[in-house]
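User: I should like to learn how to read a sheet and a chain contact in a model of this kind. Could you guide me through one?

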Amino acid sequence: MAELARNQTPMHTVQEKTESASLWKEGWRRFRKNKIALIGLGIVVFFILLAIFAPLLAPYDFKDQNLAERLQPPSSKHLFGTDDFGRDIFSRVIYGARISLWVGFFSVLGSVIAGSLLGIIAGYYGRWIDGIISRLFDIMLAFPSILLAIGIVAVLGPSLQNALIAIAVINIPNFGRLIRSRVLSIKQEEYIMAAKAIGMSDTRILFHHILPNSMAPIIVQGTLAIATAIIEAAALGFLGLGAQPPNPEWGKMLADSKDFLTQAPWTMIFPGLAIMLTVLGFNLMGDGLRDALDPRMKS
Amino acid sequence: MTLLALMLAVSMALVGCGKSEKTSSGATEKSSSQDTLVYGRGGDSVSLDPATVTDGESLKVTKNIFDTLLDYNDEDTTVKPALATEWTISKDGLTYTFKLRKGVKFHDGTDFNAEAVVFNFERWANGNADKFPYYGSMFGGYKNDESHVIKEVKAVDDYTVQFVLKRPQAPFLKNIAMPPFAIASPAAIKKYGDKFGENPVGTGPFIFKEWKRNERIVLEKNKDYWEKGYPKLNQLIFVSIPDNSARLNALLKGEIDLMEDLNPTDLKQVEGNKDFQIFKRPSMNVGYVGLTATRGPLKNKLVRQALNYAVDKKAIIDAFYAGQAEPAKNPMPPSIPGYNDAIQDYPFDLNKAKELLAKAGYPNGFEMELWAMPVPRPYMPDGKKIAEALQANFAKIGVKAKIVTYEWATYLDKLAKGEADAFLLGWTGDNGDADNFLYALLDKDSIGSNNYTYYSNDELHRILVEAQTVSDENKRNELYKKAQEIIKEDAPWIPLVHSTPLLAGKANIKGFKPHPTGSDKFTKVEFK
């Protein structure tokens, strides 16, 4: 019996690996066919490159003030014009990509890790642990999310890092619930039963079988969540609770220039466009990923 | 059947009620467009007991609820009779005798008389810097202090009050006319105790009706006001709209009738509109950066001087005041007697600033907090923007400033405790005397009240106290000029600007003359 068990484990893993590899391969094949998703991917890659090469691309330092040249309309010298401190908006928008993407990725990474952990525990062990964790999620979801974020930042003090933490926290229940439901269905699969039957430890089952098999929906949800996180960061920045001056956070740039809406519309248009485009990019890409990775969509 | 009839009768009565209510409220609305003035401003009052506050937002409201013994002329700070009709000064300058106006009643119906005046001054003299901060800084302290100027206040008869001073105080009459030293109803003070600040009772042209914090303060006409035929307005409402642009929008939409702190950059927009008019308040203010002399690197005079060299005042004025201000080099405006025009301001010189920092032992700069006020002030339309400009200035000499802000009342409270490193603030003179700037803001006696920098210099103190007692105008001015030299050298501030505050109102407002002190009495204001 012991011999049999030893033989079976590696066999199973091998089979699973090929299966999952083909899932990703198949997904990529289908994603490639989806033109709109590719546009999304293109936008996202564009902004990532912008963020990485900001110091090379930006013609000016984002914090260089030149009060004599304030509120200048777009020109060849200042492509997007200048703000009320005479700072180059083009450079600020480029540097702003760093902040927004940084907040987007890391806040979502944070909520994915925390959410998955809680979701797996809730789904796998069930009973009272599930009760506690699920009710916790319910409570968090009962708050309007931006209000919860404002509350968290108010307690921690306004800064970019705290805004990131707040956004991560408010997104935990979304991921938690998603994973929990995945776990509940995967738990019933035969290979999990088999793994249990041969005495595999819970941790091993959770992290070697259940988690990898839940990755696809997490990635889809994660991509979409980055879009929302960027909007939330901008909202917190707009309220003065996110990035602090002189950091060029897009939402903060909007807030700073709202007084000049009629006088100097370019101070709002370009950061606004930047927010819109990145969010659109992540949304298109996320939708494409969902179509590509959802097993139910398999023809 | 009887039940049904009863119900019918009741419902009819209810309908009747509803109807009559509607017509009556409709009527008040109609008349309100004529004689209710809604005044939009940037912040709410802290308290409506004028003696307990020093901030303009409180005093501009209490100025209309209370009267002082003397008042200022409409457009400058020369004193004129108010609750006191005439006064005599003894030859030695130590005894002031005031004849009081007869037949004046407080809003609660009690009589205004000499006893009431004595009661108010006793109340303040028995207080401390926490309770009545302004009294201490204008009259040299409190009852048991050596430096206290007023020896006693006594009622000679029902309508005669005598002030006996320990030493002559040149600006005494101007001090007496300041809005914080308004005479309140003794009966009401006894009745409300600590809550008097929310239930103010005075003799002024308007009666306090309602205060919704951070929203509005409603005052109603005092029909028995001693100035016959006034006030013209039926209601005076102060509303708080912190954002300058939002306040302008409210004016353009007709939600308010008059607004202060118009963004200088919005001036053009209003000037071209014939439905509105611009009021320019005569400039008597200073906007500054305070450098708290008890905190970190700022303890060092060289560091404070270095920061003075690092600020490009002209660029800031061009950008944020649209030219409606001039750069400041002294802690008081040029319109005040004693202004030292011979002083050369610290020029904008980054190399010199770095040199001084290095000499002070901070060649690579340092980190500090820079506090920005959350509300627009007449001397600073947008504190946060100016802070951001200063932040960039300081960064050039390696000083990393973190911009911090608090709600207005908390902001002042924390400043008074000396918790800020560098902070933005300003001052609008309350009586047009140099004493009200230099002594009130920078003397060591004023630490804890209006000297937020905790700057303390004994020689300066000696000069300022001497200036208070000298009655010869020329000698006084010489002393104040010397004081400004000391202050410039010690650099407890970066004086930024003297601004011309702008107000905008509906074109049909008549009789409104903005006073340089920033507190306006609306007695004579009306709609054409």
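Analyst: The following turns treat a sheet, a helix and a contact between chains. This is a predicted model, in which local features need pLDDT of at least 70, side-chain atom pairs count only at pLDDT 80 or more, and totals for chains, interfaces and linings use all residues. Residues are numbered from 1 along each chain as its sequence is written, while chains are lettered from A and ligands numbered from 1 in the order in which they are written.

User: In what order do the six strands of the open sheet in chain B run?

Analyst: Strands are DSSP runs (E, at least two residues), numbered from the N terminus, and two of them pair if DSSP finds at least two bridges between them. Here the order is 14-18-13-17-15-16 in chain B, with mixed pairing. Strand 14 (325–327) and strand 16 (400–404) of chain B are the edges, each pairing on one side only.

User: In which sense do strand 15 and strand 16 of chain B pair?

Analyst: Strand 15 (residues 367–371) of chain B pairs with strand 16 of chain B in the parallel sense, over five bridges. Within strand 16 of chain B, Lys400(B) is the residue opposite Glu367(B).

User: Which strands does helix 12 of chain B touch?

Analyst: Residues are in contact if their C-beta atoms, placed from the backbone, lie within 7 Å. Helix 12 (residues 383–395) of chain B packs on the sheet and touches strands 13 (285–291), 15, 16 and 17 (422–428) of chain B.

User: How many residues of chain A are in contact with chain B?

Analyst: 11 residues of chain A contact 11 residues of chain B.

Terms used:
Helix = DSSP H or I, 4+ residues; strand = E, 2+ residues; numbered from the N terminus. Contact = placed C-beta atoms within 7 Å. Axes fitted to C-alpha atoms, helices over the stretch in contact; angles between N-to-C directions.
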